[in-house]
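This briefing introduces a protein structure to a reader who has not met it before. Please have the sequence and the 3D view at hand while reading.

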Amino acid sequence: MLSLGRNPGEYLVIGEDIVIQVVSMEGDLRLSIDAPKNVSIVRGEVYEKYHEKPECREQSITLIKVYAKDISRQCSRCSAPGHQEKGSFCCPACGFHADIKTNAAQNAKKRGRAKAQINEGNGPALILPEGLSQSS
Ligand SMILES: [Zn+2]
């Protein structure tokens with residue numbers, strides 16, 4: 001991916017007919033894009049709803065979004081509801097203990113694998129709870 005610094009008023013030209021101009025950097029960054037009508041322009045978050053993230057495509061990673069409800073409250077070993085206390089998850093049903101984030105990550109992995117029916121040897125997959133970004 002190309003990353004360029006630009007100041008307000010400066011612009012980039014993509015191909016022969018796409019121009020992206022920085023309009024303002026006060027508060028929100030404002031861009032002006034001039035492209036042919038047959039070129040779709042959408043916000044990244046809208047694009048990602050319907051397509052794989054560009055970084056995933058570049059690295060041949062399959063993006064799998066999973067249902068996030070109760071992902072940190074459900075036991076990743078037996079699926080029973082558990083308790084959270086001081087960063088730890090505890091399952092009263094099977095006695096499983098883990099870090100809250102580790103338990104949630106294991107649930108995300110289980111849900112992702114169930115959704116995609118992928119096995120260990122089928123290549124990399126990035127599994128994200130829906131409504132959460134990678135940085136959260
Ligand atoms: Zn359990």
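Strands β1 and β2 pair in the antiparallel sense, and four bridges join them. The model in which this pairing appears is a predicted one. The points below begin with this pair of strands, continue to the sheet and to one residue of β2, and end with the whole chain.

**The β1-β2 hairpin**
- Together, β1 and β2 make a hairpin, with three residues between the two strands.
- Gly 15 lies in the turn of this hairpin and has a positive phi of about 65°.
- Across the pair, Ile 14 has Ile 18 of β2 opposite it.

**The sheet**
- The hairpin strands belong to an open sheet of three strands, arranged in the order β1-β2-β3 with antiparallel pairing.
- The edges of the sheet are taken by β1 (11-14) and β3 (30-34); each has a single partner strand, so one side of each is left without a neighbour in the sheet.
- From one strand to the next, the twist averages 20°.
- As a general matter, strands of a sheet pair through backbone hydrogen bonds, in either a parallel or an antiparallel manner.

**Val 19 in strand β2**
- Val 19 is located in strand β2, which covers residues 18-24.
- Is Val 19 buried, exposed or partly exposed? Val 19 is partly exposed, because 13 other C-beta atoms lie within 10 Å, whereas a buried residue would need 20 or more and an exposed one would have 12 or fewer.
- When neighbours within four places in sequence are left aside, the contacts of Val 19 are Tyr 11, Val 13 and Asp 34.
- Val 19 and Ala 35 are 16 residues apart along the chain, and their C-alpha atoms are separated by 6.4 Å.

**The whole protein**
- The secondary structure of the protein consists of three helices and eight strands.
- Along the sequence, these elements follow the pattern β-β-β-α-α-β-β-β-β-α-β.
- The protein has 136 residues, of which 12% count as buried.
- Of the contacts between residues at least 6 apart in sequence, 34% join residues at least 24 apart.

How values were computed: Residues are numbered from 1 along each chain as its sequence is written. This is a predicted model: local features need pLDDT of at least 70, side-chain atom pairs count only at pLDDT 80 or more; totals for chains, interfaces and linings use all residues. Two residues are in contact if their C-beta atoms, placed from the backbone, lie within 7 Å. Two strands pair if DSSP finds at least two bridges between them. Axes are lines fitted to C-alpha atoms, for helices over the stretch in contact, and angles run from 0 to 180 degrees between N-to-C directions.
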